[in-house]
Amino acid sequence: MALSRIVALLQRHLYLYKRSLARLMEIFYWPLLDLLVWGYVTVYLAQMPGALPFVAAFLLGAMILWDILYRSQQGISISLLEEIWSRNLLNLFVSPLRPGEFLAAMMALSIFKLSTAAAVTVTLAWLIYSFDFFMMGLYLVPFVVNLVVLGWAIGIVTAALILRYGQKAEVLAWGLTFLFQPVSAVFYPVSVLPGWLQEIARYIPAAHVFEGMREVIAHGRVAEEHLLWAFALNGAYVAGSLIYFYHVFRSVRERGLLLRVGE
Amino acid sequence: MEVRGLTKRFGDLTAVDDVTFDLFPGEILGILGPNGAGKTTLIQLLLHVLTPTAGRIYVFGLDLDRHREAILSRVNFSSAYVSMPSSLTVRENLQVFARLYQVSPAPERIAHLLKLLEIDDLAAKITGTLSSGQITRLCLAKALLNEPRILFLDEPTASLDPDIADKTRRLLRRLRDETGMAVVYTSHNMKEMEELCDRLLFLSKGRVLASGTPTALRDRFRGGTLEEVYLKVVRGEA
Ligand SMILES: Nc1ncnc2c1ncn2[C@@H]1O[C@H](COP(=O)(O)OP(=O)(O)OP(=O)(O)O)[C@@H](O)[C@H]1O
Ligand SMILES: [Mg+2]
């Protein structure tokens, strides 16, 4: 791994965000709108007689954490698309850049994107709805780490699919994470799901994070089991996504798609 | 660079068929042939972005497959079908690639290349606002950043006006004379190939039909110009 090559790619994307208002907006636009909509939904729900306790915290906390997962995935797949759109992919891969360095740069970039967006939403949630995201204390660290890592795994698979299938797979860059949403128990507990979906949710790292989040908000602590499951599953997810990515990369070099997706 | 028995198949189609040749330091090698002859495929193989079906490639005496990084940091590539991030300025794009190739000192090298390619007045311009000929020159500047020992150019002059195309050819010759850089060059412009290249490789359906200096080829195929030779060779009249 050469740090300077990773920094070079980061620099390229940071220049892009500096120059492009549209892309900068894109970082803030959806979380901001989500925050407003969900924020007022919680205000409304909290006003109802017999309102659930912690409803505001559950929904706002979930919304902010979900956005972290989503940004993490996008940080990788959209950055790959940027290279394809600008017909730059071949320039990168005729340089000494390694695929692993490419991924490392995209991961670093996703951290930049998601922390910028999260800083804004966390602040606004506090200003508008007096929601204190940091009430989860140190538990936030394993929660956020797990969501970021899961986002990377989904992002790496998306990137591989885009390399392999080209434009047909572009839509996955925006959509694939949402495939995980119903079984991630983001806005409701796993217990409301039908049995077979509960079974699936058990193997979704994010489901353990969001269950954990509700536990910590309601009881101030998390069953260790959830954290252990989340870490173990994520380890497997990332390993699987890397194996798949390298496999696709090799097959792309066989089939010559690297040139085609650049067109 | 030594290329031995290089073959690439895409399913049933053999795009590059048992190609063998050498490239010497300071040599400008032109690859010509009809559309679909396998020129681009050959260059992609030599840059390690395509895996050969058979054959070997040695660059600087090293096996390309085993020494990818060392070799790629000393060669470079440009073509009409690649571009550069359009929201970045010309200088920013070159800065990014200078870092990617670990060029130092980068600012001096970039300033030098901007002048060399006569785009120093465009340094602060957004790449997306450049004309296609200007982008071609930016891509050439990028391709020269790491002072490559071998420069691969796939139809680089496609969008250049005659004046700039001529200047670009002169520049390539000059760099070759001054630094001993070798060039692998494709173009459909026979006059250009004749003028620029020390040696030519005729490809058709992936096979090398003929090779030699432009003069030798003209003599051998009794053509007054390379264009006549080309037509004879590809139409099988030779
Ligand atoms: N990735 C690929 N998958 C399948 N076939 C391919 C692929 N890339 C190239 N080919 C085929 O290989 C042959 C050689 O193509 P190539 O692009 O190398 O030709 P070329 O000599 O560069 O032509 P041109 O002068 O038009 O640029 C063509 O028949 C082309 O259709
Ligand atoms: Mg071609």
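# A tour from B:Ser187 to ligand 1

Select B:Ser187 to begin: at 5% relative accessibility, this residue counts as buried (buried is under 20% relative accessible area, exposed over 50%, and partly exposed in between, with a 1.4 Å probe and protein chains only). B:Ser187 sits in the loop between strand 8 (182-186) and helix 7 (190-196) of chain B. Helices (H or I, at least four residues) and strands (E, at least two) are DSSP runs, numbered from the N terminus.

The structure on screen is a predicted model, in which local features need pLDDT of at least 70 and side-chain atom pairs count only at pLDDT 80 or more, while totals for chains, interfaces and linings use all residues. Residues are numbered from 1 along each chain as its sequence is written, chains are lettered from A and ligands numbered from 1 in the order in which they are written, and side-chain values use heavy atoms, with hydrogens and water left out. The model scores ipTM 0.93 and pTM 0.93. Chain B averages a pLDDT of 94, and 99% of the residues score at least 70 (pLDDT is the predictor's confidence in each residue, from 0 to 100).

**Stop 1: the surroundings of B:Ser187**

Display the side chains of B:Ser187 and B:Glu192, which a polar contact of 3.0 Å joins. A polar contact is a pair of N or O atoms within 3.5 Å; within protein, one must be able to donate a hydrogen and the other to accept it, and residues adjacent in sequence count only if both atoms are side-chain atoms. Next add B:Asn189: its backbone nitrogen lies 2.9 Å from a polar atom of the B:Ser187 side chain.

**Stop 2: strands 6, 7, 8, 3 and 9 of chain B**

From the loop, step back to strand 8 of chain B, and then select strand 7 (residues 150-154) of chain B. These two strands pair in the parallel sense over 5 bridges (two strands pair if DSSP finds at least two bridges between them). B:Leu153 stands opposite B:Tyr185 in strand 8. On strand 7 of chain B, 5 of the 5 residues are buried. B:Ile150, B:Phe152 and B:Asp154 point one way from this strand, and B:Leu151 and B:Leu153 the other way. In a regular strand the side chains alternate between the two faces of the sheet.

Strand 6 (residues 75-79) of chain B also pairs with strand 7 of chain B, in the parallel sense and over 5 bridges. To place this pairing, select B:Asn76, which stands opposite B:Leu151.

Now select strand 3 (residues 28-32) of chain B, another mostly covered strand, with 5 of its 5 residues buried. B:Ile28, B:Gly30 and B:Leu32 point one way, whereas B:Leu29 and B:Ile31 point the other. Strand 3 of chain B runs parallel to strand 8 of chain B, joined by 4 bridges, and B:Leu29 stands opposite B:Val184 there. Strand 3 is likewise joined by 4 bridges to strand 9 (residues 199-204) of chain B, again in parallel; here B:Leu32 stands opposite B:Phe202.

**Stop 3: an antiparallel sheet in chain B**

Select strands 2, 1, 4 and 5 of chain B: in that order, these 4 strands form an open sheet with antiparallel pairing. The edge strands, each pairing on one side only, are strand 2 and strand 5 (62-63). Strand 1 (residues 2-10) and strand 2 of chain B are joined by 6 bridges; B:Glu2 has B:Asp22 as its bridge partner in strand 2.

**Stop 4: ligand 1**

Strand 2 (13-22) leads to the ligand: this strand and helix 1 (39-46) of chain B each supply at least two residues of the shell around ligand 1. Helix 1 of chain B gives the most, with 3 residues. Select the residues near ligand 1 (near means that one heavy atom lies within 4 Å). There are 16, and the closest are A:Arg255, B:Gly36, B:Lys39, B:Thr40 and B:Thr41. The site is shared between chains, because residues from chains A and B surround ligand 1. The shell divides into 5 nonpolar, 7 polar and 4 charged residues (Ala, Val, Leu, Ile, Met, Phe, Trp, Tyr, Cys and Pro count as nonpolar, Asp, Glu, Lys and Arg as charged, and the others, Gly among them, as polar).

Three distances to oxygen atoms of ligand 1 may be displayed in turn:

- B:Asn35, from a polar side-chain atom: 2.9 Å.
- B:Ala37, from a backbone N or O atom: 3.1 Å.
- B:Glu155, from a polar side-chain atom: 3.4 Å.

The protein covers 71% of the 640 Å² of accessible area that ligand 1 has on its own (accessible areas come from the Shrake-Rupley method with a 1.4 Å probe; for residues, only the protein chains shown count as cover).

**Stop 5: A:Pro99**

Finish in chain A by selecting A:Pro99, which is found in helix 5 (residues 99-129) of that chain. A:Pro99 counts as buried, at 14% relative accessibility. The C-alpha atoms of A:Pro99 and A:Pro49 are separated by 56 Å, the two residues being 50 residues apart along the chain.
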